[in-house]
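Reader: I'm new to this one. Can you show me what we're looking at?
Author: Sure, here is the structure.
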Amino acid sequence: MEVDRTDGRTPNQLRPLACSRRILHRAHGSASWSQGDTKVLVAVYGPKAGTKKNENPEKACIEVVWKPKTGQIGKPEREFEMILKRTLQSICVLTVNPNTTTSVIVQVVHDDGALLPCAINAACAALVDAGIPMKHLAVAIFCCLAESGYVILDPTKLEEQKMKAFVYLVFPNSILSVLPEVSSTMKGEPMEHGIITSVTHGAMSENDYFLCLERGRAASAKLSDFLRRSLQSKVPGDSSKAG
Amino acid sequence: MLMEAKPSTSPATFVDKIVVPGDVVLDLSTFTNETIKLGGGLRQDRDAISVMKAGKLKFSKPNKYWVESSQRRYVPCMEETVLGIVVDCKADNFLVDIKGPAIAFLPVLAFEGGTRRNIPKFEVGALVYVRVVKANPGMNPELSCTDAYGKAGEFGLLKDGYMFETSTGLSRMLLSSPTCPLLEELGKQLSFEIAVGLNGRVWVNADSPSTVVVVSNAIMNSESLSGVQQKIMVEKLLQRIK
């Protein structure tokens, strides 16, 4: 199946990734993450004392503030905040610092498609930088279903507008383990095949969804490797790049 | 041959490597009747010991494991010495900011020979060198100005000098033993007083302000330098000011 993408990528090819940590001086943890021209800057403050109203004080609370590139925050941004908050809540260990709040501030630097997955990846790197206790890392991927029925990954803004349906998928990263293969899998499937978040927009058949899932998983391995490599780089201020 | 094949799966493979959250570093089912001690950044999930923070996995004989990482924020831990700033004085406690999630309490009687009659006077904003004696989750941490024997030791108010904030990793490096090359080189040529809190606060005092400036700049610049690099940096710095 031949797919023409404006930037000449293959359907499964991601845009170049870049990640740098500890870039803000005053934040407790910060990271910038870019996928092609989409770039997001995340700052993490905390843990701070006390939780907000309607939150469980016996657990740590995560607060997400979305700052758009221009203008006011609207309904789509509120939705992004909610998805991001739920995703981060499920990957953090919330019982270590009860009755504290961790603020995650997401500043969009440029939006060229796949904005929310980019923000999730950035937030994950920033939380690690701030030393917030986490169960595991998460990698997010944007899968698109085009009119003609093929699946493309990590679309640009232009491609995004032409799509009939899309899905945000968040997977756990692939972990290194000393455990024998059998016990690190859940019911015969490896850990990284679990889904943390899945948000679909538009009409999509069941088969198409599973196709997206399969492609997303394949790409998440690459993202996961990149995230590990950038976290392992010795000087956190140094940016690491991958093609 | 079997004995030789085993170490490839043993936990030793992760020691001194950089690990990221989620990595499983120890398998308790392979341990028989051993006690292991887990430090910061590790958690137990049934038989698996997994990592919560990114950093270098360290192992100290006989049985201690922890993840060494560096943060801007401090989470109080028992028996750690920290630099705190007094933010308020109440009848029973001084309220002290130690960069943690909650304000810490310093009881007015937690001083050497402390009684109701001789309560020390701290102004708001005073810098104190204190020890964390209680650090339970969900409670304000409690501090003390005495060592475990009830002696004042080095604890108490730090007068004059200059305080700056660094990361917890840097302050741990400054406190490491043997003395880190940075402080050793500086100490050979300059005379100064230094107090390092594990919460990432460092206080420096000397006779002349210029020494304070040199020492604090040297410390702030050494965040990501190795031992040899620190030595070279200090040598260059001291040559320039001569």
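Reader: How many residue pairs are in polar contact across the interface of chain B and chain A?
Author: There are 13 such pairs, counting residues with both at pLDDT 80 or more. Keep in mind that this is a predicted model.
Reader: Which elements of chain B give two or more residues to the side that touches chain A?
Author: Those are β2 (24-27) and β5 (48-51) of chain B.
Reader: And which one gives the most?
Author: β2(B) does, with four residues.
Reader: How do the residues on that side of chain B divide into nonpolar, polar and charged?
Author: The split is 16 nonpolar, seven polar and six charged.
Reader: What is the count of salt bridges between the two chains?
Author: One salt bridge links chain B and chain A. B:Asp23 pairs with A:Arg228, and their closest N and O atoms are 2.8 Å apart.
Reader: How many residues of each chain are in contact?
Author: On chain B, 29 residues are in contact with 36 residues of chain A.
Reader: What area is buried there?
Author: About 2600 Å² is buried between chain B and chain A. Carbon and sulfur atoms give 61% of that area.
Reader: New topic. Which residues of chain B does the UniProt annotation cover?
Author: The unreviewed UniProt entry puts "domain: Exosome complex exonuclease Rrp40 N-terminal" on residues 36-73 of chain B.
Reader: What is that stretch, helix or strand?
Author: Residues 36-73 of chain B are 0% helix and 55% strand. The end C-alpha atoms of this stretch lie 27 Å apart.

Definitions and conventions
Residues are numbered from 1 along each chain as its sequence is written. Chains are lettered from A and ligands numbered from 1 in the order in which they are written. This is a predicted model: local features need pLDDT of at least 70, side-chain atom pairs count only at pLDDT 80 or more; totals for chains, interfaces and linings use all residues. Side-chain values use heavy atoms; hydrogens and water are left out. Contact means heavy atoms within 4.5 Å. Buried area is the accessible area (1.4 Å probe) that two parts lose on being put together, summed over both. A salt bridge is a side-chain nitrogen of Lys or Arg within 4 Å of a carboxyl oxygen of Asp or Glu. A polar contact is a pair of N or O atoms within 3.5 Å; within protein, one must be able to donate a hydrogen and the other to accept it, and residues adjacent in sequence count only if both atoms are side-chain atoms. Ala, Val, Leu, Ile, Met, Phe, Trp, Tyr, Cys and Pro count as nonpolar, Asp, Glu, Lys and Arg as charged, and the others, Gly among them, as polar. UniProt positions are given in the numbering used here, feature names are shortened, and annotations may be inferred rather than shown by experiment.
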